[in-house]
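Colleague: Mind if I quiz you on the labels you put on this one? I'd like to hear the reasoning behind each of them.

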Amino acid sequence: MIFYNFIFIFDVETVIVIQKRLIRVISRYDNLRLYGSEPFRTLVKITMFYLEHGKVLEALESLMDLRDFDIQEEFLFERTMYKFVAGETYTITNTNRIKAIDDALNIFQAAGSTHQVNRLVDHIKLVVKANQFHNDDFDALIEKWGGTPSTKTPTTTTVS
């Protein structure tokens, strides 16, 4: 939980090491709480961290770890965040999943989670900037959800 709350103070290499340890011990804590999965949420946050730092390959590897989770049907937050982060990652790797991102934002909006929607739109802007990525659909999505679209730059993806 401490790592989850302070991930932003670490560098990418440290997060990679911590993630590997987390994956090894994750089965002990998976679905301990009736209302959600902390290990899953932590891996989602790690994936978002990688995207914000232009580490698309690491984000894709984290998505593979997330797919292995058996998330209970009632864990709506986890399912919605997976939809969002997978859509975002695949869109950056040139497989357009804007609809999945928009669907996730619509779910949070319908649930009254305006703060979460705003945080995710801000996250998209960080990811676009960190990856020097331009996509008209991303710009339209950001604009739809009340943000300012990125400046027009060529579509590039940094895979490290």
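Modeller: Sure. First a cut-off we'll need: a residue is exposed when its relative accessible area is over 50%, and buried when that is under 20%. And keep in mind that this is a predicted model.

Colleague: Fine. Which residues of α8 are exposed, then?

Modeller: D136, E143 and K144 are exposed. The buried ones in α8, which spans residues 136–144, are F138, D139, L141 and I142.

Colleague: What makes the buried residues of α8 line one face of the helix?

Modeller: Look down the axis of α8: the buried residues fall within an arc of 160°, so they line one face. The exposed D136, E143 and K144 are on the other side.

Colleague: And what covers the buried residues of α8?

Modeller: The cover includes α5 (76–92), α6 (98–110) and α7 (114–130).

Colleague: Take α7, then. Why is α7 called roughly antiparallel to α8?

Modeller: The two pack at an angle of about 150°. Roughly antiparallel means over 145 degrees, so the label fits α7 and α8. Their axes are 10 Å apart, and the crossing is left-handed.

Colleague: Which residues of α7 and α8 meet there?

Modeller: From α7 you get V121, I124, K125 and V128; from α8, F138, L141 and I142. F138, L141 and I142 are also among the buried residues of α8.

Colleague: What comes after α8?

Modeller: G146 follows, with a positive phi, near 90°.

Colleague: How do you know that G146 counts as exposed?

Modeller: Its relative accessibility is 68%. The cut-off for exposed is over 50%, so G146 counts as exposed. As for where G146 sits in space, its C-alpha atom is 9.9 Å from that of V117, a residue 29 places away along the chain.

Colleague: Now the opposite end of that scale. Why does L63 count as buried?

Modeller: L63 has 0% relative accessibility, and buried means under 20%, so L63 counts as buried. L63 is found in helix α4, residues 56–67.

Colleague: What is L63 in contact with, leaving aside its neighbours within four places in sequence?

Modeller: L63 touches T47, Y82, V85, A86, T89 and Y90. With V85, the C-alpha to C-alpha separation is 8.2 Å, for residues 22 apart in sequence.

Colleague: Let's do another helix pair. What makes α3 and α5 roughly parallel?

Modeller: Helix α3 covers residues 38–52, and its axis crosses that of α5 at roughly 25°. Roughly parallel means under 35 degrees, so α3 and α5 earn the label. The axes come within 10 Å, and α3 passes α5 in a left-handed crossing.

Colleague: Which residues make that contact between α3 and α5?

Modeller: On α3, F40, R41, V44, T47, M48 and L51; on α5, F77, E78, M81, Y82, F84, V85, E88, T89 and I92. T47, Y82, V85 and T89 also turn up among the contacts of L63.

Colleague: Zooming out, how many helices and strands does the protein have?

Modeller: There are 8 helices and 0 strands, so along the sequence it reads α-α-α-α-α-α-α-α.

Colleague: And what are the overall numbers?

Modeller: Of the 160 residues, 43% count as buried. The exposed area is about 8,800 Å², with 55% of it supplied by carbon and sulfur atoms. Among contacts between residues at least 6 apart in sequence, 63% join residues at least 24 apart.

Definitions and conventions:
Residues numbered from 1 in each chain as written. Predicted model: local features only at pLDDT ≥ 70, side-chain atom pairs only at ≥ 80, totals over all residues. Heavy atoms only, no water. Buried < 20%, exposed > 50% of the residue type's maximum accessible area, 1.4 Å probe, protein only. Helix = DSSP H or I, 4+ residues; strand = E, 2+ residues; numbered from the N terminus. Arc of directions from axis to C-beta. Contact = heavy atoms within 4.5 Å. Areas by Shrake-Rupley, 256 points an atom, 1.4 Å probe, with all protein chains shown as cover. Axes fitted to C-alpha atoms, helices over the stretch in contact; angles between N-to-C directions. Parallel < 35°, antiparallel > 145°, perpendicular 65-115°, else oblique. Left-handed = near helix turned anticlockwise from the far one by under 90°.
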